[in-house]
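Subject: Structure for you to look over

Dear colleague,

I am passing on the structure below, and after it I set out what was found. Please read the notes with the structure open beside them.

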Amino acid sequence: MDLANLALPDLVGMLVGLVLTLSVFSYIFGDNALFRLAIHIFIGVSSAYVLALAWYSVIWPQLLVPLWLGTQEQRLLAIFPFLLGGLLLTKASPRLAWIGSLPMAYLVGVGVATAIGGAVIGTIFPQVAAAINVFDLELAAQAAGVSTAVQLVNGVVFLLGTLSTLIYFHFGARPRTNQPPQRSAPVEALAWVGQFFIAITFGALFAGVYTAALAALVERWTFIADLIRLILP
Amino acid sequence: MADVRCPMCGKSNPAERETCQFCQARLKPLRVSPSGSTPAQPTPMGGQSNRDDDLPDWLRDMRPVGDELPPEQEEDLPNWLKGSDATDPGVEQSDLPDWLKSFRSPAAVEERPVEDYPAKELPAASDDAFALPDWLSGLDKQATPSEQDADWRAEPAADIPDWLVSSGPAQPPAASAPQPDNDLPDWFSPAAAQDEDLPDWSQPAAAAPAQPPASEEGLPDWLAELTGAPGGPAVDDTPEAWAPPAPSSPELEQGGDFPDWLQELNQPAAPGAAEAGLAGAEDLPDWIRDEETRRETPPERTAGPAAPEPASAIEAGAPDWMAAFLRGGFGEQEEQELAERRQPGPAPAETPAEEDLFGGDLDWLQEMGASAPELPESLEAPPAGPRLTSGVAPFAINDSDADEIGPLAGEQLPDWLAEARPADAAPPAGGPVDSGLTPAELPSWLEAMRPVPAGSGKPSDDEPSGEPETAGPLAGLRGTLPVEPHILQVSKPIAHPLKLQVAADQQARAELLAELVQREGEAKPLPARRTLASQHILRIGIAILLILTILVPLFLEEPQSPMPLAGLQTSAANELIQALPGGANVLVAVDFEPGLSGELTATAAAVLDHLMIKGAYLAFVSTTPVGSLQAERLVRITNEQGEPPHQYRSPDQYLNLGFIPGGPAGLLAFVESPRQAAPLTLDNKYAWMSGALENVQSLADFALVMVITENPETARNWIEQVGPGLERPGQGKTPLLMVVSAQAEPLVRPYYEGVSNQVQGVVSGLSGGASYEDLMGRSGLARTFWTPFSLSLIAAALLILLGGLFNAGLALWARRKGDTEGEG
């Protein structure tokens, strides 16, 4: 890619990207106007884009067009979201906000029901089954491609990690005379072990976040390097 | 109904009002209620009532006994005479003015010894209480009978006062029931009249009989004209209202300064004005003619009850008092007695002589009586309200209070009376003579408003204490409510000493406390933040190190890091894609934000490149607003990085279904009915009508579902909501592939490694993309980024390690230092 073959919009886009990227990097020297300007531009552009997308991708094609130009069935299906959406607008007025509680209740109810149903069916039951099936040594060893002994060790570690982590978040304690409440010794020991699993998990998450951020940094400096090469061949 | 004029403010008020609506003054006088007196009790014929016992003999003698008019003659009498025949329980004989009382029969005068007339009864120059000259006082008091006369006319015949009874024809005792003296006002009481308080104006009247009034030459002209001159005065007014005043100046005597109405009285009266029938002898009423006749034959006087009058006098219908007056007045004994009464009294300089009163000085009265066609309205019909100038208030008050009405009454004299006052009216000689004056009677409300004259000395015991008001309508009154309440009269409190007895140690502690408090308020310089500069430098140093580790391999292209080994999950993903048939429909969910597009674009491009190699028909969808644009950018980058570049174009090779709103619910709807949840493409075209998606009815119809996200929640939503919908009955399950950021891998990996195998392949982070490219033998963004990424990752790891070691060394050094200080 050279500058001669680069289209003007792409060149302008690259220059704007360069300026905004350097503005964000200026935060290395502390909070400054360039950083805040770049942040404000991102927020404004994102909001405007979301509004345009909501109108052109949702409201107009999926609500208004069926309501006005659709069949009778489509109109009936569109009238309810139209009314509920209109009631949501009353949330802007403190005096009429109570009217918007109806569609909000509908949205929250549907959302919670959907999330709970998906969590129970898609996460809890499968993960509980996975924690149990770890000790299906032959099947698990075959799936993991390890030996049964190794799978047993893995199973024990998984079990210990799962139990110790859950026990760490168990705060029930028995009251004692003239002494502060304290959990029992087994629970306290498992909770202490659970701290390590939790720390390792958070370490892994932090490593993932760090690697993801570092990859973004590399991508940006790669962009800057490519632009520099383009301008200064 | 006529309005009533307020005596205080002079404004008109409705007649039904008892108090003035402007000044709240009482309009209707509080009179001594006649009704309170004992009603007339019939007494035996010829008997005397108890009150008659209190009357002086001369007054009792004045009543002709048996002067009872027959009913037919009584009808011929004028109204006021009719009324006089009846007994008025309210107007008793005590109501008789003194000047009329003086018109007593000579026999009665004879019975009264001369010693009973003290010098004080002699005419006084003026009444100090009223501050009026004698002539005016007399004139005012003369109005009193006129006022009463007006009342009598209005009253029924039973209200005839006693003085009319006594002077008129003899009435049967039953018709003239006397009233006890205690019901009479003081100024009306006979004792007041007979006592030392006779006003001066009444003295001449009482002494009038000393002159020969009975004779024709002794009488005033007008009275003389009553006997025969036509056009005489109205008999119903003159005898009562016009007692001979005491003119105090020659002008007044000559009538030159008389007011018009008085002068008009001297004019010849119109014939029609003699309504009493005195225009001629033939027009005289019968009682006057009878009176003339009776003068020639005086009735026999007796000491006892009045003997019946001759029938001729009764038939004439003349009132008794007029008859007695016309008979010749008083006898010689009475005249002598009255003369003796006048002599010892301190006669003022202005006091006219006896001859002036009833001699030549009464010419004006004679003329006035002869020519007055009608009296002024003020005299004929005095107002019902109290007249201060009348000198006789219609209210019953204490005598002591009446002494002070003079100034107020003098100030409210009508203009005509003020003008009628002679210019040379001298003040009374000898100063105030209270004992000789009839106390004026004022209503209590008027008395309460009486101002206290300045310098009047100490208030009496009856007056309320307190300083008198000096201004306003209550000026001069004592005992009024103060304008400023006493509670507001704040006085300065007594200052008590608050000096504490403080010991020396207490004083020292207090000073120490004050010093501590003062120190708390003083500003202290903050310690220098030495760590701020070091952290700032450290941050810049770390940034520079990382940037250098990124830029150096980019520009130098050396050293090149080895590509990472692909993990099981990456290999699984590669195998899944590799297993896809050519032209298979692949649903690609692009749900990542622009912030992590650098990582995910490089990672997803490696997988997408593989799909393009496989020729899969890509259907992009997103549950985040910017996902659609990220999908377009991802396709464009993938096309560019391909070797040779890919030529994926919409809608032939791929289709962007756009944004699915609603989060998990939208995903669930999209799983259940993808055609309704995402009917249109990003450019608003129907997505499911033609092309590769024409046969797709559900998500299970796709050969592969790949989710590109950096958010573990989004990945979990796809796994939870979409995973169950990927089951194809009898055909297995549509594989779910996750291309996630490195930060989401720990949370997505359990879904891959679990026995349930909810996710069949995972490509996570830049390492996953690089490894995938390595698997594919392609060189894409992941490979480009990998060397700087790996170097910067090593540098970051070293920085974390060095930083940890530095902090650990500081902590160890601080602990050792603390232990050393503790031991020392």
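**A buried asparagine**

B:Asn717 is buried, because its relative accessible area is 19% and the cut-off for being buried is under 20%. Please keep in mind here, and in everything that follows, that this is a predicted model. The residue B:Asn717 lies in helix H33 of chain B, and once its neighbours within four places in sequence are left aside, B:Asn717 is in contact with B:Pro664, B:Leu667 and B:Val722.

**The cores of chain B**

Helix H33 also matters for the next point, which concerns the nonpolar interior. The largest nonpolar core has 36 residues, and those with the most contacts inside it are B:Leu657, B:Phe670, B:Leu693, B:Phe702, B:Trp718 and B:Met738. At least two residues of this core come from each of the strands S5 (585-591), S6 (617-622), S7 (654-659), S8 (704-709) and S11 (736-740) of chain B, and likewise from each of the helices H31 (663-672), H33 (712-722) and H34 (745-753). The element that gives the most to this core is H33(B), with 4 residues.

If you would like one residue to centre the view on, B:Phe670 touches B:Leu587, B:Val621, B:Leu657, B:Ile660, B:Ala677, B:Ala678, B:Trp688 and B:Leu699, where residues up to four places away in sequence are not counted. A second, separate core has 33 residues, among them B:Ala584, B:Leu600, B:Val607 and B:Met706.

Another helix of chain B with a buried side is H28 (residues 568-578), in which B:Gln569, B:Thr570, B:Ala572, B:Ala573, B:Asn574 and B:Ile577 are buried. The cover over the buried residues of H28(B) includes helix H29 (597-614), S8, S11, H34, strand S12 (761-764) and helix H35 (765-776) of chain B.

**The two chains as wholes**

Chain B contains 36 helices and 12 strands, and of its 824 residues 50% are buried. Of the contacts in chain B with a separation of 6 or more, 79% are accounted for by residues 24 or more positions apart. The exposed area of chain B is about 37,800 Å², of which carbon and sulfur atoms supply 55%.

Chain A contains 7 helices and 2 strands, which follow one another along the sequence in the pattern α-α-α-α-α-α-β-β-α. Of the 233 residues in chain A, 27% are buried, and among its contacts between residues at least 6 apart in sequence, 32% join residues at least 24 apart. Chain A exposes about 15,000 Å², with 75% of that area supplied by carbon and sulfur atoms.

**Where the chains meet**

The contact between the chains draws on 42 residues from chain A and 54 residues from chain B, and together the two bury about 4,000 Å², 72% of it on carbon and sulfur atoms. Across this interface the rule finds 1 salt bridge, in which the side chains of A:Glu219 and B:Arg633 meet at 4.0 Å, N to O, and it also finds 9 residue pairs in polar contact, with both residues at pLDDT 80 or more. On the side of chain A that touches chain B, helix H2 (33-69), helix H4 (101-133) and helix H7 (185-231) each supply at least two residues, and H7(A) gives the most, with 18 residues.

With best regards

Note on methods:
Residues numbered from 1 in each chain as written. Chains lettered and ligands numbered in written order. Predicted model: local features only at pLDDT ≥ 70, side-chain atom pairs only at ≥ 80, totals over all residues. Heavy atoms only, no water. Buried < 20%, exposed > 50% of the residue type's maximum accessible area, 1.4 Å probe, protein only. Contact = heavy atoms within 4.5 Å. Areas by Shrake-Rupley, 256 points an atom, 1.4 Å probe, with all protein chains shown as cover. Core = buried A, V, L, I, M, F, W, Y, C linked by side-chain atoms within 4.5 Å. Buried area = accessible area lost by both parts, 1.4 Å probe. Polar contact = N/O pair within 3.5 Å; in protein donor to acceptor, adjacent residues only side chain to side chain.
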